[in-house]
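Dear colleague,

I am passing on the structure we spoke about, and I would be glad if you could look through it alongside the notes below.

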Amino acid sequence: MPSNWIVITSVSRYADEEKLRKLFAHVGEVQSIHVVAPEGSSPTTQAAIEFVKPDEARVAAHLNGIEFLDSILTVEAHRDEDQEMRISRTLRIDCVPLSVDSDKLRAFLDPLVDGIRRMRIGSSVDPETNLQYAYLEFSSAEHQMAAVEKLPGRKMDGSALRVSPSKIAISKGKHPSRPSIVTLATKGATASPRPDRHIEAPTDRHEPPAPSSSRRRPRSRSGSRQRDYRDRDRERERNGREYSLDRKRSRRD
């Protein structure tokens with residue numbers, strides 16, 4: 001079934017719904033517009049526009065490459081029409097033991113549920129339970145609902161499984177795909193920008209220099225006193241010599 005949505009990327013951060021509506025109004029009747037808030041200081045963002053008729057969306061896709069405000073728009077027809085349907089056929093399983101891989105999980109589930117089309121084990125570990133999770137996509141929503149009823153509480157290697165409907169679909173790539181901007185728009189979700197990552201600059205730490213062996217160590221009191229005694233004795237000896245010389249000179253005179 002043709003979609004009546006278009007997805008626009010490279011939208012100027014200064015664009016809003018009113019400006020986009022004026023731009024695409026001559027193509028057809030715009031039913032709704034969803035603009036994603038810019039991320040941090042990014043100069044561009046993305047948007048999704050829904051037309052009343054699919055033909056209008058197909059014509060609007062020909063505006064690809066048009067200059068709008070301070071950016072060049074990338075416009076394309078929405079092609080991920082079945083993503084929401086795939087989400088409805090997917091469930092998430094939590095509390096999966098770390099020793100379980102895809103083959104072992106499939107062997108455990110096959111006798112219990114029917115219609116498993118695709119599965120994917122998560123790439124991270126749940127910090128609360130120290131267990132992993134997995135996604136299962138079924139051939140129909142009925143099979144998914146049946147699995148939601150049968151699997152909760154089933155123990156696998158001593159761990160009781162927790163099952164819930166998934167909010168994302170399993171993609172053909174490595175990771176499950178999140179809902180597209182069109183899915184967010186149809187559900188009325190508002191996308192908020194991610195906080196800018198703040199990296200603190202390293203502070204200058206002025207540490208005191210290590211003591212050098214070439215530096216003179218402070219003299220102790222006892223050493224200083226002995227040196228004073230030696231200086232005094234030398235001074236007396238020098239004064240005594242000068243006194244003797246003066247007496248000899250006076251006798252000659």
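What follows covers a sheet, the helices that pack on it, and one serine.

Please keep in mind that this is a predicted model. The sheet is an open one made of four strands, which run in the order β8-β9-β7-β12 with antiparallel pairing. Because β8 (116–121) and β12 (162–165) each have a single partner strand, they stand at the edges, and one side of each is left without a neighbour in the sheet. From one strand to the next, the twist averages 20 degrees.

Within this sheet, β7 (residues 90–96) pairs with β9 (residues 132–138) in the antiparallel sense, the two being joined over five bridges; isoleucine 93, for its part, has alanine 134 in β9 as its bridge partner.

Two helices are placed against these strands. Helix α5, which spans residues 141–150, packs on the sheet and touches β7, β9 and β12, with its direction at about 25 degrees to that of β7. Helix α4, spanning residues 102–109, lies across β7, β8 and β9, and runs at about 140 degrees to β8.

The last point concerns serine 159, which belongs to strand β11 (residues 159–160). Its relative accessibility is 12%, and since the limit for a buried residue is under 20%, serine 159 counts as buried. If neighbours within four places in sequence are left aside, the residues in contact with serine 159 are Cys95, Pro97, Leu131 and Arg154.

With best wishes

Note on methods: Residues are numbered from 1 along each chain as its sequence is written. This is a predicted model: local features need pLDDT of at least 70, side-chain atom pairs count only at pLDDT 80 or more; totals for chains, interfaces and linings use all residues. Side-chain values use heavy atoms; hydrogens and water are left out. Two strands pair if DSSP finds at least two bridges between them. Axes are lines fitted to C-alpha atoms, for helices over the stretch in contact, and angles run from 0 to 180 degrees between N-to-C directions. Contact means heavy atoms within 4.5 Å. Buried means under 20% relative accessible area, exposed over 50%, partly exposed in between (1.4 Å probe, protein chains only).
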